[in-house]
Structure formats: C-alpha cells, structure tokens
Amino acid sequence: MSNERPGAGLDFVRAIVAEDLATNKWDGRVVTRFPPEPNGYLHIGHAKSICLNFGIAQENEGGRCHLRFDDTNPCKEEQEYVDSIMEDVRWLGFDWGEHLYYASDYFDQLYEWAIQLIKEGKAYVCDLSVEEIRAHRGTLTETGTESRYRERSVEENLELFERMRAGEFEEGSRVLRAKIDMNAPNMHLRDPVMYRILKASHHRTGDKWCIYPMYDYTHGQSDSLEGITHSICTLEFEIHRPLYDWYCEALRIYHPQQIEFARLNLTYTLLSKRRLIELVTEGLVNGWDDPRMPTICGFRRRGYTPEAIRDFCKRIGVAKADSINEIEQLEHCLREDLNKRAPRVMGVLDPLRVVIENYPDDQEEELDAINNPEDASMGARKVPFSKVLYIEREDFMEDPPRKFYRLAPGREVRLRYAYFITCTGVVKDENTGEIVELRCTYDPDTRGGDAPDGRKVKATLHWVSAAHALETEVRIYEHLFTKENPADLDEGEDWRDYLNPDSLQVLPACYVEPSLANAKPGDRFQFERKGYFCVDPDSTPEKLVFNRTVALRDTWANIQKAQQQAK
RNA sequence: UGGGGCGUCGCCAAGUGGUAAGGCAUCGGCCUUUGGCGCCGACAUUCGUAGGUUCGAAUCCUACCGCCCCAGCCA
C-alpha cells in the first residue's frame with residue numbers, strides 16, 4: 001500500500017496532483033479554479049468540471065478552489081449569468097470562500113504586461129483588417145504570412161497601443177498581437193491577437209476600457225496571479241497549451257500547469273451553450289430552468305438532488321477519451337438517492353373510478369401507511385379510505401395478457417395499506433365503450449392489507465379516496481431529443497429535427513392523497529409505483545403542480561415491450 | 001496533405017511488463033403489502049488492426065486503421 005506509486009487508483013488528473021504532492025512540485029499547495037464565462041447558465045457538463053476542481057481542493061489538506069469569472073468579452077456577458085452561476089455552484093454544494101475573482105480584476109495588470117511584451121519586442125500593433133488577418137494566417141496545411149506591421153518599432157507600438165486604449169481608433173481597425181511564429185504548425189502560435197478594440201461597456205468595469213484582452217492572453221496570467229497549481233480545462237484547449245505556456249514564459253511569471261480532460265456528453269441531450277441559448281430564445285423550452293433542460297437550474301426544478309449529480313460525476317470518472325455517457329447512469333444515481341430520502345405517498349395520474357359495492361355509503365376510515373420503508377425514522381401517516389376510490393387506469397385490464405397480474409374482472413388484488421378487493425363489474429360509456437367505472441367488493445377481514453387466512457394476492461395497487469383526494473396537475477417529462485446523440489448530424493440535418501414533440505406531457509387532473517395539502521415548492525415525494533415527483537413553483541394554494549423527476553424502474557413495462565416484440 | 005489528442009464489454013472506466021477491477025445497462029433467480037428497494041448469479045480467453053521484442057505484452061517497439069480538436073478581433 002505505502003509503496004504504491006502516488007495516485008494509484010485515481011483518475012489521471014488526481015494522479016497528477018498526488019504525484020506533484022509527492023514530489024513537492026508546488027510546495028505542497030493544491031489550488032484549482034472553476035472559470036466560467038458569464039454568458040449562459042451552468043449545465044451538467046459544468047457540474048463535472050465543478051466536482052473535479054472543487055473536489056480536488058476538498059480532498060487535499062489546505063487545498064482551495066477559486067471561482068473566477070472569465071469576463072473578457074463585454075458583448076456577451078451579463079450580471080444575470082454571474083448571479084445564476086454563483087447560485088448553482090452553491091446549490092451543488094461547493095464553496096469558494098473568499099476566493100471569488102473576475103478576470104476583469106486583472107485588466108490593469110494585463111495591460112502593464114502587454115506593454116512589457118511590446119518593449120521586449122514580443123508584441124506589436126497590427127493594422128490588418130479581420131479579413132487580412134485571416135488570409136495571412138494560412139491554413140492547416142499552409143504556413144501563414146507575416147503582417148506588414150510586424151516590424152514596427154517599439155516606440156511606435158507603444159504609442160499606437162496607448163492610443164488604442166485611449167479610444168482613438170475604430171473597432172476592428174487595429175489589434176495587439178503577440179510576435180511568435182507565422183510558420184508554426186499550431187495555428188494558435190501564428191501571432192495570436194492579444195487585444196481587440198471593443199467599444200462596449202463591461203458589466204463590471206463599465207466604460208473604463210475600450211480594448212479587451214483575448215482569452216489566451218488572459219487565462220494563464222489569471223491562473224498565475226492567483227497561484228493556481230493545476231489549471232484544469234477541457235480537451236479543446238489542449239492545442240492552446242503551448243500559448244498558455246508561451247505567455248507565462250515570455251512574462252517570466254509563476255507558471256501553473258494546464259491539464260485537459262474530456263468534457264461530459266449525455267445521451268438524448270445537447271450540452272453546447274449555443275444550443276441551450278437557442279432552445280431558450282426560440283421558445284423551444286420554457287426558459288433556462290425548464291425541467292427538460294440539462295442546466296443545473298433545470299435539474300433543480302425537475303427535482304434532482306445535488307447529491308445525485310455529485311455522485312454521478314464521481315462515478316463517470318475523468319479521462320481523456322471523448323465519450324458520451326448514458327442518461328440512465330444519471331437516473332440511476334438519482335433514484336438511488338431519492339429512494340433513501342423521498343417520503344412515499346399515493347397519487348393517481350390517470351384516474352379510473354372504483355366503487356366498493358359492499359362498503360357502507362357514508363363510512364370512512366383512516367388507515368396507517370409507512371412514510372418510507374427504507375427509513376423507519378420517517379414515521380407513518382394516515383390515509384383516508386371510503387366507498388369511492390380512484391386507481392390507475394393502467395392497473396386494470398378487461399382482457400389481461402399473460403403476466404399481467406393486476407386487476408381484472410373476477411380477480412382479487414390488494415389496495416396498498418387498505419383491503420383486498422375483487423372486481424365484480426365494469427361500467428362502460430354507452431357510446432364510446434370507454435371504461436368509466438369499476439365495481440368491486442372488498443373483504444373487511446383484510447384491513448391493512450393482510451388476509452387472516454393467509455391468502456395471497458399477486459398485485460398491490462395504489463389508490464386514493466375520491467372524496468378526500470386533492471386534484472393536482474402533473475407534468476411528465478421525457479427526453480428533450482429523440483436521437484441518442486443529437487449533436488451527431490448528417491448533411492442538411494438540423495438539431496431541431498430531433499426535438500421530441502412529447503417531451504412534456506401535462507396531466508391536468510390527477511389525484512393525490514390529502515397529506516400532500518401542505519407540500520411546498522421543491523418538496524420531493526415518491527408516488528408509490530409511479531416515480532419521484534417534486535412540487536413545482538407554479539403551484540398555487542388552490543392547486544399543486546408536480547414535476548415527475550424520474551419514473552421508477554418499470555419491469556412490467558420491459559415485459560410488455562418484450563411481448564410486443566415477440567409478436 | 002500540417003499539428004495536437006484519443007482508441008479496454010452496449011455505455012462509462014480501472015489497468016503503468018506477470019497473465020482483464022468496478023459502475024450503468026442487459027439477462028436469470030430469490031425476496032417483497034411499491035412488477036420499487038434489496039440480495040444472489042451470468043455478462044471481454046481479450047484490450048482498434050498487423051507485425052516485432054520478451055519466459056511472459058492491454059501495458060515496450062514498428063507500421064497501418066479509425067475517431068476528435070485547431071484556420072473567432074469567442075471562451
């Protein structure tokens with residue numbers, strides 16, 4: 001054990017951290033950072049990064065993780081997003097303590113450093129247009145061409161850069177570029193832009209600046225200033241690493257290590273910021289927190305727990321291979337968490353009226369029900385029973401197939417915590433033939449759900465007393481997309497082609513037991529045999545609205561599917 | 001046709017020269033007042049392919065194949 005190499009059994013990022021600790025590379029420090037750009041809401045992919053960065057900090061004595069807003073582009077960034085990001089990181093259960101930073105805090109320092117690079121002949125003001133710069137950059141297989149402004153004198157560069165900062169030039173007319181190598185096979189090294197002119201006011205610095213630093217010129221130096229040890233980002237930044245290193249070296253400043261890992265992908269889900277914004281702005285969903293959205297706030301409203309999301313992030317691991325995780329994995333983590341903590345309750349989504357013929361008309365009684373069989377400390381409650389009930393329509397079949405062992409004519413089943421009932425008749429609508437009511441008898445000796453004679457029953461159904469039930473709205477969600485990988489499109493296809501038209505189903509008249517009367521938005525329950533549900537903020541004192549967080553595993557549905565396929 | 005990465009079970013993912021962990025999914029069985037939960041069992045003679053080195057290779061070498069990323073004054 002003790003002679004194992006440091007990092008054994010850990011993911012490769014944690015292994016690097018462990019190795020660095022073992023060799024004392026950073027004087028025993030572990031400092032990470034989560035650096036979102038405040039131009040959108042956080043999604044489950046960010047959760048992976050958050051759990052990685054904050055997780056590593058937590059796991060190591062004295063470690064810390066900074067929350068830093070990468071706010072270098074005033075055109076796209078807004079305060080609304082910084083607020084939501086902080087809320088979501090906190091909700092996920094992480095705390096950045098005093099370490100809240102903004103890249104814009106470093107604008108002065110970055111400006112000084114730019115002057116330093118100009119003085120050392122490592123940066124120059126370039127007057128080429130956007131189109132010219134693009135043309136000069138060359139292509140993947142052809143080298144670039146040096147700008148005709150590349151050899152300006154230090155004095156001229158200094159003067160021009162100062163005038164850029166003073167607002168004397170038009171947007172797009174000039175940029176500051178690093179003088180690296182137009183022949184570099186890595187395009188990012190072909191004299192990358194450091195500063196561009198943007199006459200936009202910034203959400204934090206206001207109108208102080210009209211030149212703004214680019215990501216590459218900002219990120220590494222921000223890490224450096226904060227004493228970050230491990231700068232963890234996603235794979236697409238791997239090719240930026242030489243530039244990250246170049247700036248730190250050219251500036252001769254503290255140089256953190258950038259490490260790249262594969263971003264999260266989920267089946268039946270799109271996680272690109274661009275797509276998410278379009279879903280919201282095009283009204284394809286009802287806002288960032290629509291329970292169908294893979295955003296943190298969407299999951300929150302849907303009823304997911306931060307524990308489940310963290311557990312998911314822990315289980316999927318961290319590696320460098322592109323991957324797409326199955327949504328079932330996430331749902332498994334969710335069910336496992338909710339199973340332990342969600343109180344059980346009875347709710348009928350698609351009501352079918354049942355009249356117990358031999359039950360006295362005006363009688364009602366209170367039956368004992370367990371709140372959570374997984375946790376005795378959650379206690380018990382009373383549920384009212386009476387002559388007229390509702391059961392789930394799908395729990396009855398007039399002509400049941402093999403293996404269907406719920407209610408059918410002449411068959412006896414148990415009503416959970418109540419009585420055994422036997423179906424004696426079916427009432428249909430004269431015109432449509434639709435079943436509108438079941439006639440049943442009950443066995444008074446089976447009160448509570450057990451038969452004194454030891455008689456067994458194949459099924460236990462959930463139910464609700466019609467006279468006592470609360471009418472509620474229930475929203476059922478399915479995958480937002482019909483395609484496993486909606487990002488993988490053929491020529492001419494649009495991701496919108498794969499939007500699932502049935503991703504939201506509203507059930508306006510469901511019935512739940514009266515104990516739910518005081519449920520508050522955010523409260524989570526298991527509707528026995530149906531799934532986990534949570535109270536939506538759209539609820540009113542008159543009518544509760546529930547979101548189905550996730551259905552229970554449904555073995556019967558799998559059997560039905562198999563039977564269908566067998567035909 | 002340049003450069004940077006990556007390829008281990010349907011999906012994730014351990015494995016760092018000594019003879020393929022684990023989770024999800026799936027399939028059996030047990031249990032059950034949730035067809036839920038739980039429990040038991042099955043599930044890669046094989047690690048992109050082909051050679052080579054070695055007593056021994058998923059791990060080392062060579063070649064090939066496939067996938068991803070890079071030509072924003074976005075991050």
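# A tour from the aromatic pairs to the RNA

Start by selecting Phe69 and Tyr102: both residues are buried, meaning that each has under 20% relative accessible area, where over 50% would be exposed and values in between partly exposed (1.4 Å probe, protein chains only). This is a predicted model, in which local features need pLDDT of at least 70 and side-chain atom pairs count only at pLDDT 80 or more, while totals for chains, interfaces and linings use all residues. Residues are numbered from 1 along each chain as its sequence is written, chains are lettered from A and ligands numbered from 1 in the order in which they are written, and side-chain values use heavy atoms, leaving out hydrogens and water.

## Aromatic pairs

The structure holds 27 aromatic pairs. Phe69 and Tyr102 form one of them, a stacked pair with 5.3 Å from centre to centre and 25° between the planes. Phe69 belongs to strand S2 (residues 64-69) and Tyr102 to strand S3 (residues 100-102), so this pair ties together parts that are 33 residues apart in sequence.

Next, select Phe525 and Phe546. Their ring centres are 6.4 Å apart and their planes stand at 75°, so this pair is edge-to-face. Phe525 lies in strand S23 (residues 524-527) and Phe546 in strand S25 (residues 545-551), and the pair links these distant parts of the chain, 21 residues apart. Phe525 and Phe546 are both buried.

Two terms used here need their cut-offs. Rings of Phe, Tyr and Trp (its six-membered ring) pair if their centres lie within 6.5 Å, and planes under 30 degrees apart count as stacked, over 60 as edge-to-face and the rest as tilted. Helices (H or I, at least four residues) and strands (E, at least two) are DSSP runs numbered from the N terminus.

For a group rather than a pair, select Phe107, Tyr111, Phe161, Tyr195, Trp209, Tyr212, Tyr217, Trp246 and Tyr247, which form one aromatic cluster.

## Arginines over rings

Go back to Tyr102 and add Arg204, which lies over the face of the tyrosine at 3.5 Å from the ring centre. Then show Phe169 with Arg174: the charged end of Arg174 sits over the ring, 3.9 Å from its centre. A charge sits over a ring if NZ of Lys or CZ of Arg is within 6 Å of the ring centre and within 35 degrees of the ring normal.

## Cysteines

How many disulfides does the structure hold? The count is zero, a disulfide being a pair of cysteine sulfur atoms within 2.5 Å. Select Cys51 and Cys313: Cys51 is in no disulfide, and the sulfur of Cys313, the nearest cysteine sulfur, is 3.9 Å away. Cys51 counts as buried at 12% relative accessibility.

Cys210 is the next stop. Its closest cysteine sulfur, in Cys75, is 12 Å away, which is too far for a bond. Cys210 is buried as well, at 11% relative accessibility.

## Two positive phi values

Most residues other than glycine have a negative phi. Select Asn24, where phi is positive, near 60°. Asn24 is in the loop between helix H1 (12-22) and strand S1 (31-34), and counts as partly exposed at 44% relative accessibility.

Asp191 also has a positive phi, near 45°. Asp191 is in the loop between strand S5 (175-178) and S6. Is Asp191 buried or exposed? Its relative accessible area is 1%, so Asp191 is buried.

## RNA strand B

Finally, show RNA strand B with the residues around it. There are 70 such residues, and Arg344, Arg406, Arg416, Gly448 and Thr555 come nearest; a residue is near the strand if one of its heavy atoms lies within 4 Å of it. By class, this surface has 25 nonpolar, 21 polar and 24 charged residues. Ala, Val, Leu, Ile, Met, Phe, Trp, Tyr, Cys and Pro count as nonpolar, Asp, Glu, Lys and Arg as charged, and the others, Gly among them, as polar.

Which parts of the RNA face the protein? Of the strand B atoms within 4 Å of the protein, 61% belong to sugar or phosphate and the rest to bases.

Three backbone positions can be checked in turn. At Gly9, a backbone N or O atom lies 3.5 Å from a phosphate oxygen of RNA strand B. At Pro185, a polar backbone atom is 3.4 Å from a base nitrogen of the strand. At Trp556, a backbone N or O atom lies 3.2 Å from a sugar or linking oxygen of RNA strand B. To finish, colour the elements that give two or more residues to the surface near the RNA: helix H5 (130-137), strand S6 (193-197), helix H11 (306-316), helix H12 (327-341) and helix H13 (555-566).

Note on methods. A polar contact is a pair of N or O atoms within 3.5 Å; within protein, one must be able to donate a hydrogen and the other to accept it, and residues adjacent in sequence count only if both atoms are side-chain atoms.
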